[in-house]
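Morning, everyone. I have one structure for you today. Let's put it on the screen.

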Amino acid sequence: MFLTLALLRKGIPGKQWIGKYRRPRNITWQMKRNTLQRLEIEAENEYWISRPYMTEEQEHRHAAERRAENWKKIKEAGFCNFPEHKNWTDHLSHLRITKSWSS
């Protein structure tokens, strides 16, 4: 069917670069070079990822102290913004301004 359309029609229907019957792109030497470069970079990344920096024993809980210190800093930062405790007398002291013992 595609061959018949290509032979009987004079071009690609609609926009030539998108859609089901789009015009195929020519592969240039730059495209091949860029693809090879990306594949080489990916192979190098796989090489370095496959060799860990630390063993599993060294990696186990290696950052526990640092994380605990960071958590303490976060908690203290939250507590410093928290208002101080107040008694009910401080809240309601304005209600007893005019009241005196003699009246």
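Which residues make the nonpolar surface patch of about 390 Å²? Three leucines: Leu3, Leu7 and Leu8. Leu3 sits in helix H1, which covers residues 2-8. How covered is Leu3? Leu3 is exposed, because its relative accessibility is 59% and the cut-off for exposed is over 50%. One general point on helices helps here. An α-helix has 3.6 residues a turn, so residues three or four places apart point the same way.

Before I go on, a reminder: this is a predicted model.

Now the overall layout. The protein chain has five helices and zero strands. Reading along the sequence, you get α-α-α-α-α. How much of the chain is buried? Of its 103 residues, 1% count as buried. The accessible surface comes to about 11400 Å². Carbon and sulfur atoms hold 57% of that surface.

Next, take helix H4. H4 runs over residues 64-80. That helix has 17 residues. From first C-alpha to last, H4 reaches 24 Å. That is close to the 24 Å expected at 1.5 Å a residue. How many of the 17 residues in H4 are buried? The count is zero, so H4 is hardly covered, given that buried means under 20% relative accessible area.

Just ahead of H4 there is a loop, and I want to stop at Arg61. Where is Arg61? It lies in the loop between helix H3, residues 56-59, and helix H4. Its phi is near 55 degrees. That is a positive value in a residue other than glycine. For background, most residues other than glycine have a negative phi. Is Arg61 buried or exposed? Arg61 counts as exposed, because its relative accessibility is 64% and over 50% is exposed.

Last stop: the aromatics. How many aromatic pairs are there? The count comes to one aromatic pair. Tyr47 and Trp48 form that pair. A general note: a pair of aromatic rings is described by the distance of the centres and the angle of the planes. For Tyr47 and Trp48, the centres are 5.0 Å apart. The planes are at 75 degrees. Why is the pair called edge-to-face? Because 75 degrees is over 60, the cut-off for that class.

What about cover for these two? Tyr47 is partly exposed, at 39% relative accessibility. Trp48 is exposed, with a relative accessible area of 54%. The cut-off for exposed is over 50%, so Trp48 passes and Tyr47 does not.

That's my tour. Thanks.

Methods
Residues numbered from 1 in each chain as written. Predicted model: local features only at pLDDT ≥ 70, side-chain atom pairs only at ≥ 80, totals over all residues. Heavy atoms only, no water. Phe/Tyr/Trp six-rings, centres within 6.5 Å; stacked < 30°, edge-to-face > 60°. Buried < 20%, exposed > 50% of the residue type's maximum accessible area, 1.4 Å probe, protein only. Patch = residues over 30% accessible without salt bridge, like charges linked within 9 Å, V, L, I, M, F, W, Y side chains within 5 Å. Areas by Shrake-Rupley, 256 points an atom, 1.4 Å probe, with all protein chains shown as cover. Salt bridge = Lys/Arg side-chain N within 4 Å of Asp/Glu carboxyl O. Helix = DSSP H or I, 4+ residues; strand = E, 2+ residues; numbered from the N terminus. Expected span 1.5 Å × (residues − 1).
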